[in-house]
Amino acid sequence: MCGICGIVDLEDSPPMSVDELMKMCKTIEHRGPDGTRTMIRNSIALGHTRLSVIDTVTGWQPIANEDNSIFVILNGEIYNFQKLRKELMDRGHQFQTTSDTEVVVHLYEEEGNAFVKRLSGMFALAIWDERKKRLILARDRIGKKPLFYSANGSRLLFGSEVKTLIQTGLLAPNINPTALASYLTYGYVAEPLSIFDGISKVPPAHILIYDE
């Protein structure tokens, strides 16, 4: 288990300070006790807390493509990464790690938004495409890994847990009456709602694309 979080603001650079991003990461450090890495670059801030399983030495995230124009953070595991890695290397892609996560960034380079169709695994992930100023969030088919988000104007926040978004102070923790009724009726809050107003869940087997 790992944790991911971040913010993109297409009208502000940088979207938050290092201290603010570290506070977001702090809320999910229990998901990734082996360490935290962050990146703030132009309109994007990305945070990742890691539980090291595959490539414990060089597999720290975010992981970039060859020219540092695309970045990925991932919570979960890609089961078919070795097969995909060989295929991508045969197409000329250069890998800097042996992590399953790095496969995602090169697969996105090759296949665009359809990359998720090739992934077998349990995952919640975020890709930042610097050239297109585009953020992509994706969640696995079963919904094994959680992913929350909130969009407001030019800004979108996301995280593995809802408290990560609330901690920023950009959102008020107001209960959503519809979500509460769902919980009291069915015992859970169905996607895309969360228990809080203004915060949604990426449904299983969905991607979210956020750009201009």
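Two strands count as paired here if DSSP finds at least two bridges between them, and helices (H or I, at least four residues) and strands (E, at least two) are DSSP runs numbered from the N terminus. With that in hand, one open sheet of 6 strands can be read off in the order β2-β3-β1-β9-β8-β10, with antiparallel pairing. Its edges are β2 and β10 (200-201), each with a single partner strand, so one side of each has no neighbour in the sheet. The model is a predicted one, in which local features need pLDDT of at least 70 and side-chain atom pairs count only at pLDDT 80 or more, while totals for chains, interfaces and linings use all residues. Residues are numbered from 1 along each chain as its sequence is written, and side-chain values use heavy atoms, with hydrogens and water left out.

Now for the chain as a whole. It has 5 helices and 11 strands. The C-alpha trace spans about 55 × 35 × 35 Å along its principal axes. For 212 residues, a compact globule would have a radius of gyration near 17 Å, and the 17 Å of this chain agrees with that; the radius is taken over C-alpha atoms, and the globule rule is 2.2 Å times the number of residues to the power 0.38. Half the story is on the inside: 50% of the 212 residues count as buried, meaning under 20% relative accessible area, with exposed being over 50% and partly exposed in between (1.4 Å probe, protein chains only). Taking contact as heavy atoms within 4.5 Å, residues 24 or more positions apart make up 57% of the contacts with a separation of 6 or more.

Back to the sheet of 6 strands, β2 (residues 35-41) and β3 (residues 44-50) pair in the antiparallel sense over 7 bridges. Thr36 has Thr49 of β3 as its bridge partner. The hairpin of these two strands has 2 residues between them, and Asn42 there takes a positive phi near 55°. Elsewhere in the sheet, β8 (residues 148-152) and β9 (residues 155-159) run antiparallel, joined by 5 bridges, with Asn152 opposite Arg155. Helix α1 (residues 18-26) lies across β1 (3-9), β2, β3 and β9, at about 140° to β2; such angles run from 0 to 180 degrees between N-to-C directions, with axes fitted to C-alpha atoms, for helices over the stretch in contact.

The other open sheet has 5 strands in the order β4-β5-β6-β7-β11, again with antiparallel pairing. Here β4 (63-64) and β11 (207-210) stand at the edges with a single partner strand each, so one side of each is left free of a neighbour in the sheet. Helix α3 (residues 100-111) packs on this sheet, touching β4, β5, β6 (121-129) and β7 (134-139), and its direction makes about 130° with that of β5. Between β4 and β5 (residues 70-78) there are 2 bridges, and Ile63 stands opposite Val72.

As for nonpolar cores, each is a set of buried Ala, Val, Leu, Ile, Met, Phe, Trp, Tyr and Cys residues joined through side-chain atoms within 4.5 Å. The largest has 22 residues, and those with the most contacts inside it include Ile78, Val104, Phe115 and Phe123. Elements giving it two or more residues are β5, α2 (81-90), α3, β6 and β7, and α3 gives the largest share, 5 residues. Apart from this core lies another, of 21 residues, among them Leu46, Ala124, Trp128 and Phe158.
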